[in-house]
Each structure stands twice: as C-alpha cells, then as structure tokens.
Amino acid sequence: MTQKQSKRPSHEVYVVEGEGDKTHWTKVGAAWPHDDGEGFNVTLSALPLNGRLVIRKPKPQEDRA
C-alpha cells in the first residue's frame, strides 16, 4: 500500500527532555497523516536515546520563540 504525502508535513516531531521549567525541546523530524486519518508517516533526522517523542502541529512563524 502506498501512502501519498503532501509536499509539506502537517506536524513536527520533537524529542522532549525534562519537566516544567527544565524542559528542552529538540526538533528531530516531521509527520504526515495517512489518507484515511488513522495514523501518520514519520520521518526522523535523529533517533533520540532519551526523552519522549512529541508530535505537534507547527505554529505560525510569528508565534515561534
């Protein structure tokens, strides 16, 4: 089965380490939803050894810190 992917990913993938004020987010990839809306194709540029993976919709450029 082949999944079509749009040119731009719909979500960004981060590895998140720490909690509260000591949280550090590092972008490690992108994700595209399946056509049936039941899952995602995920591409990672790095494989984290620690922390947790978080998939989020990207924020508009002006909202990024």
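In this predicted model, a good place to start is Ile-55, which has a relative accessibility of 40% and therefore counts as partly exposed. The two limits that frame this class are 20%, under which a residue is buried, and 50%, over which a residue is exposed. Ile-55 belongs to strand 4.

Ile-55 also takes part in a nonpolar patch on the surface, where it is joined by Phe-40, Val-42, Leu-44, Leu-47 and Leu-53. Together these side chains make a patch of about 550 Å². Two elements each contribute two or more residues to the patch, namely strand 3, spanning 40-44, and strand 4, spanning 52-56. Of the contributing elements, strand 3 provides the largest share, with three residues.

Stepping back to the whole chain, the fold is described by four strands and zero helices. Read from the N terminus, the order of elements is accordingly simple to write down: β-β-β-β. Strand 3 and strand 4, the elements already met in the patch, are thus part of a protein in which no helix is assigned.

Burial and contacts complete the picture. The protein has 65 residues, and 20% of them count as buried. Its exposed area comes to about 5500 Å², of which carbon and sulfur atoms supply 50%. Among contacts between residues with a separation of 6 or more, 46% link residues that lie 24 or more positions apart in the protein.

Key:
Residues numbered from 1 in each chain as written. Predicted model: local features only at pLDDT ≥ 70, side-chain atom pairs only at ≥ 80, totals over all residues. Heavy atoms only, no water. Patch = residues over 30% accessible without salt bridge, like charges linked within 9 Å, V, L, I, M, F, W, Y side chains within 5 Å. Areas by Shrake-Rupley, 256 points an atom, 1.4 Å probe, with all protein chains shown as cover. Salt bridge = Lys/Arg side-chain N within 4 Å of Asp/Glu carboxyl O. Buried < 20%, exposed > 50% of the residue type's maximum accessible area, 1.4 Å probe, protein only. Contact = heavy atoms within 4.5 Å.
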